[in-house]
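Could you walk me through this protein structure in plain language? I'd like to know how the pieces fit together and what sits on the inside.

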Amino acid sequence: MRTPQGASGPLVVVVDDDEGMQMALADLLKSVEMNVRCYTSVDELFAVGVEGVNCMILDVRLPGQSGLELQERLHQMGSRVPVIFVTGFGDVPMGVRAMKGGAVDFLTKPFRNQELIDAVNEALRKDAEQRRTTGAADAVVKLAESLTPREREVMNLVWKGLMNKQIAYELGIAEITVKIHRRNVMQKMEATSVAELVRKADLVKSHEDEKARRDTAPYTQGRW
């Protein structure tokens, strides 16, 4: 691993087994005040981890797991770090696969410095937006953790569009009890309207679905 010193700002990770290319990319990015870490393989990257990474620049062909396989692995982990591919051996199917996987760009060597800088800036803009969205979702999930099991049931049924009388029938409780639980849910979720509560409940459900998907994702050492 090569970590240029003296750089600050967003963290950009370069994974390329060509050390000359590593140095060229690192020097370019450092010149525009970005913090850069370089690795020669996926295994080397994961020995350190991807926490706090704002953008990844990946060579398509790497020793062991390829850049495209790493992209899939990140998806399985639930990581949304933006990815830029650089390659000297690109073809159309490879580029299509990368872009369908959510890559910000697919650059074929040699490319102009400005092309890479533009792609990285777009990746960082995307990362910042994702982090804002994730932060808002995390705050809502935290609110939901304060609900009692019964309040959670009531919120889920409101999310499904049921009225108080229907919720009472579904749960086998009095309608007045539903109203009390519903009022508590609105207060704890800091929702001022049913529409806002439904939006927040949707964020909670999406978070739980994503967590369940990550927890059940198949993993075999060295390959996903």
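Let's start with H181, which you'll find in helix 8, the stretch covering residues 175–188. Keep in mind as you look around that this is a predicted model. Is H181 buried or exposed? H181 counts as buried because its relative accessible area is 17%, and the cut-off for buried is under 20%. If you skip the neighbours within four places in sequence, the residues in contact with H181 are R150, E151, V154 and I173.

Now move over to the sheet. Here 5 strands make up an open sheet with parallel pairing, and their order is 2-1-3-4-5. Strand 2 and strand 5 (105–108) are the edge strands, so to speak the outer planks, since each of them pairs on one side only. From one strand to the next, the twist averages 20 degrees.

Zoom in on strand 3. With strand 1, strand 3 pairs in the parallel sense over 4 bridges, and V13 is the residue that stands opposite M56 of strand 3. With strand 4, strand 3 also pairs in the parallel sense, again over 4 bridges. On that side, M56 has V83 of strand 4 as its bridge partner. Helix 3 (residues 67–77) packs on the sheet and touches both strand 3 and strand 4. The direction of helix 3 makes about 145 degrees with that of strand 3.

How much of strand 3 is covered? Strand 3 is mostly covered, with 5 of its 5 residues buried. You can check this face by face: C55, I57 and D59 are buried on one side, and M56 and L58 are buried on the other. If you follow the chain from strand 3 through helix 3 to strand 4, you trace a β-α-β crossover, and this one is right-handed.

Next, the inside. In soluble globular proteins, nonpolar side chains tend to be buried together. In this model, the largest nonpolar core has 23 residues, and L29, C55, I57, I84, L116 and V120 are the ones that touch the most other members. Two or more residues of this core come from each of strand 1 (11–15), helix 1 (19–31), strand 2 (35–39), strand 3 (55–59), strand 4 (83–87) and helix 5 (113–144). Helix 5 gives the largest share, 6 residues.

L116 makes a good spot to explore. Which residues is L116 in contact with, leaving aside its neighbours within four places in sequence? They are L25, L28, I57, I84, V86, L107 and F111. Apart from this core lies another one, of 22 residues, and its members include V42, V53, M56 and L68.

One last thing to look at is the cysteines. A disulfide is a covalent bond between the sulfur atoms of two cysteines. How many disulfides are there here? The count comes to 0. Why doesn't C38 bond with C55? The closest cysteine sulfur to that of C38 is in C55, and it is 12 Å away, which is too far for a bond; a disulfide needs the two sulfur atoms within 2.5 Å. Turn it around and the story holds: for C55, the closest cysteine sulfur is the one in C38, at 12 Å. As for their surroundings, C38 is buried, with a relative accessible area of 0%, and C55 is buried with a value of 0% too.

How values were computed. Residues are numbered from 1 along each chain as its sequence is written. This is a predicted model: local features need pLDDT of at least 70, side-chain atom pairs count only at pLDDT 80 or more; totals for chains, interfaces and linings use all residues. Side-chain values use heavy atoms; hydrogens and water are left out. A nonpolar core is a set of buried Ala, Val, Leu, Ile, Met, Phe, Trp, Tyr and Cys residues joined through side-chain atoms within 4.5 Å. Buried means under 20% relative accessible area, exposed over 50%, partly exposed in between (1.4 Å probe, protein chains only). Contact means heavy atoms within 4.5 Å. Two strands pair if DSSP finds at least two bridges between them. Axes are lines fitted to C-alpha atoms, for helices over the stretch in contact, and angles run from 0 to 180 degrees between N-to-C directions. A crossover is right-handed if, with the strands pointing away from the viewer, the path from the first strand over the helix to the second runs clockwise.
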